[in-house]
Amino acid sequence: MMDKLEDPAASTSMSAVQIGVVGLWVLALLFTLYFASSILLPFFVALFLAIIVYPVVRWLRLIGIPEGIGAAITLFLVFALIGAGLYGLAEPAADWINRSPQIIEELRTKTWSLRRAVEDAQEAAKDVEEMTDLDGAQPDAVVRREPSLAGQIFALTWSTAASTIVTLFIMYFLLALGRRTVERMFEALSSKSRQVYARDLCRRLQAQLAAYLQTLTLINIALGTITGIVMAVLGLPNPVLWGALSGFLGYIPYLGPFLMFLVISTVSLLTFDDWARILLPMIAFALIETIEGHFTTPWIIGRRLTLNPIAVFVFILFWGSLWGVMGAILAVPILVSLKIICDGRPALAPVSALLGTEHG
C-alpha cells in the first residue's frame, strides 16, 4: 500500500525538470529566430506573399498552365507592380531624404519656442546635478564617429535588395512546388487519421489566412488611396508618396497609424505657415484612421476573426524587436496562423481563447 503512494518530492522534481526543459526549448527558439533572421525573415515574407497571390496560380492551373509557368507569370506581375510603384515613388522619397538637413533646420526654427522651454528645463537639471556633484570629476569624453547618412542609406538599400531577391526566389518555389511538397508530407504520415487531420488543418489555415491577408490588403489599398486623395486636396506635397506609405504602414496595427500621423504632422508643419492649414491634414488623417480602425476593418475582418488587442500589441513588440519593421508587419499574420492552429486542438482551447474569438 505504501509502495504505491507517490512521492511528493519526486513529483515536484519532475515538474521542475519539465519546466526547465520547456525553458531551454523557448531559449533555443528565441536564439534561432534572432540569429537566423536572414533566412527565416525572407521565408516568412515569401510565404505570406505566396498565400496572397496563390489564387492567380490556381486560376492559371485550371485553364491549363502548369504551376511552374503560372508561378513565373504571377511572380513577374508582382515584381512589375512593385517595381513600378517603387520607381514612381523613388524620386519624391529621394528628394525628402536629400532635404533632410534642411528639413531638420526648418523644424528647429518652427519649434523654437518649444525647444527653448525644453532647453531651459535641461539647463536647470544640469545646474542641480552640478550642485550635487561632490568631487566634480568628469569622465573623459569618448568621441565616436557615426557612419554618414549616405553610407547608411547605401547599406540599407543593398541589404534590402539582397533580401528582396532571396524572397522572390523562395516565393517562386513556394508557388511552383509548395502544393506538391505539402501533399508528399501528408502521404508520409503514419496513419490515415493523421493525414486527414493534417490536410484539414492545412486547408483551413490556407483558406482563412488567405482571406484575412487578401481582405487586409484591399483595405490598405483603399486606405492609401483615400489618404493620398485627401492630402492632395489639402495641398500637401507628394500625396501619392504619403498614400503609399499609409497603405504600407496599415499592416502594423496601432504603431503604423501612429507613425503615419507623425509623418503627416511633420510634412504639414514644414509645408504650411498658418496653424489652421497645419492642423487640417493632421485632423483629416486622424479622422480617416479612426473610421478605418474602429469601424471599417473591425466590421469586415471582425465578422470572421476578432483578435485580442493585448495579444496583437505583444506580438508586434515581440516580432518587431526580433526582425524590425518587417517583423512588426508579420506579427499579425503569425498571430492569425497561431490562432487557427489552436482552434483545431481542444487541448489548446485556453490559448485560442486568449488570442481572440472566431466567428462562424
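Axes, in this tour, are lines fitted to C-alpha atoms, for helices over the stretch in contact, and angles run from 0 to 180 degrees between N-to-C directions. The structure in the viewer is a predicted model.

**The whole chain**

Begin with the entire protein chain in a cartoon representation. The chain contains 12 helices and two strands. Followed along the sequence, these elements occur in the pattern α-α-α-α-α-α-α-α-α-α-β-α-α-β. The protein chain has 360 residues, and 29% of them count as buried. Among contacts in the chain with a separation of 6 or more, 69% are accounted for by residues 24 or more positions apart.

**First stop: helices α7 and α8**

Select residues 192-233, which form helix α7, together with residues 239-249, which form helix α8. The axes of α7 and α8 come within 7 Å and cross at roughly 150°. Because angles over 145 degrees count as roughly antiparallel, α7 is described as roughly antiparallel to α8. The crossing of α7 past α8 is right-handed.

Now show the side chains where these two helices meet. On the α7 side, select N220, L223, G224, T227, G228, M231 and A232. On the α8 side, their counterparts are P239, W242, G243, S246 and G247. By class, the contact of α7 with α8 comprises five nonpolar residues, seven polar residues and no charged ones.

**Second stop: salt bridges within α7**

Remain on helix α7 and select D200, R203 and R204. Side chains of opposite charge can pair when their charged atoms come close. In a search of the whole structure, five salt bridges are found. Which residues does D200 meet in salt bridges? One partner of D200 is R203, at 3.6 Å from N to O. Another partner is R204, whose salt bridge with D200 spans 3.3 Å from N to O.

D200 and R203 lie three residues apart in helix α7, and are therefore separated by about one helical turn. R204 and D200, also in α7, are four residues apart, about one turn of the helix.

Colouring these three residues by accessibility gives a further view. D200 has a relative accessible area of 30% and is partly exposed. R203, at 52% relative accessibility, counts as exposed, whereas R204, at 22%, counts as partly exposed.

**Third stop: a salt bridge between α6 and α3**

Next, select R180 and E67. These residues form a salt bridge in which the closest N and O atoms are 3.8 Å apart. The pair links distant parts of the chain: R180 belongs to helix α6 (residues 149-187) and E67 to helix α3 (residues 67-98), with their positions 113 residues apart in the numbering.

Is each partner buried or exposed, or something in between? R180 is partly exposed, with a relative accessible area of 37%. E67, by contrast, counts as buried, at 7% relative accessibility, because buried means under 20% relative accessible area.

**Fourth stop: S337 in helix α11**

Select S337, which is placed in helix α11 (residues 309-343). S337 is buried, with a relative accessible area of 13%. To relate this stop to an earlier one, display the C-alpha atoms of S337 and R204. The two residues are 133 residues apart in sequence, and their C-alpha atoms are 10.0 Å apart in space.

Which residues is S337 in contact with, leaving aside its neighbours within four places in sequence? The contacts of S337 are F48, L205 and L209.

**Final stop: helices α2 and α11**

Keep α11 displayed and add helix α2 (residues 37-62). The axes of α2 and α11 are 11 Å apart, and the two helices pack at an angle of about 55°. This angle makes α2 oblique to α11. The crossing of α2 past α11 is left-handed.

To view the contact itself, select S37, L40, L41, F44, V45 and F48 in α2. Then add W323, M326, L330, P333, I334 and S337 in α11. S337, the residue of the preceding stop, thus appears again, on the α11 side of this contact. By class, the contact of α2 with α11 has 10 nonpolar residues, two polar residues and no charged residues.

How values were computed: Residues are numbered from 1 along each chain as its sequence is written. This is a predicted model: local features need pLDDT of at least 70, side-chain atom pairs count only at pLDDT 80 or more; totals for chains, interfaces and linings use all residues. Side-chain values use heavy atoms; hydrogens and water are left out. A salt bridge is a side-chain nitrogen of Lys or Arg within 4 Å of a carboxyl oxygen of Asp or Glu. Buried means under 20% relative accessible area, exposed over 50%, partly exposed in between (1.4 Å probe, protein chains only). Angles under 35 degrees count as roughly parallel, over 145 as roughly antiparallel, 65 to 115 as roughly perpendicular and the rest as oblique. A crossing is left-handed if the near helix is turned anticlockwise from the far one by less than a right angle, and right-handed if clockwise. Contact means heavy atoms within 4.5 Å. Ala, Val, Leu, Ile, Met, Phe, Trp, Tyr, Cys and Pro count as nonpolar, Asp, Glu, Lys and Arg as charged, and the others, Gly among them, as polar.
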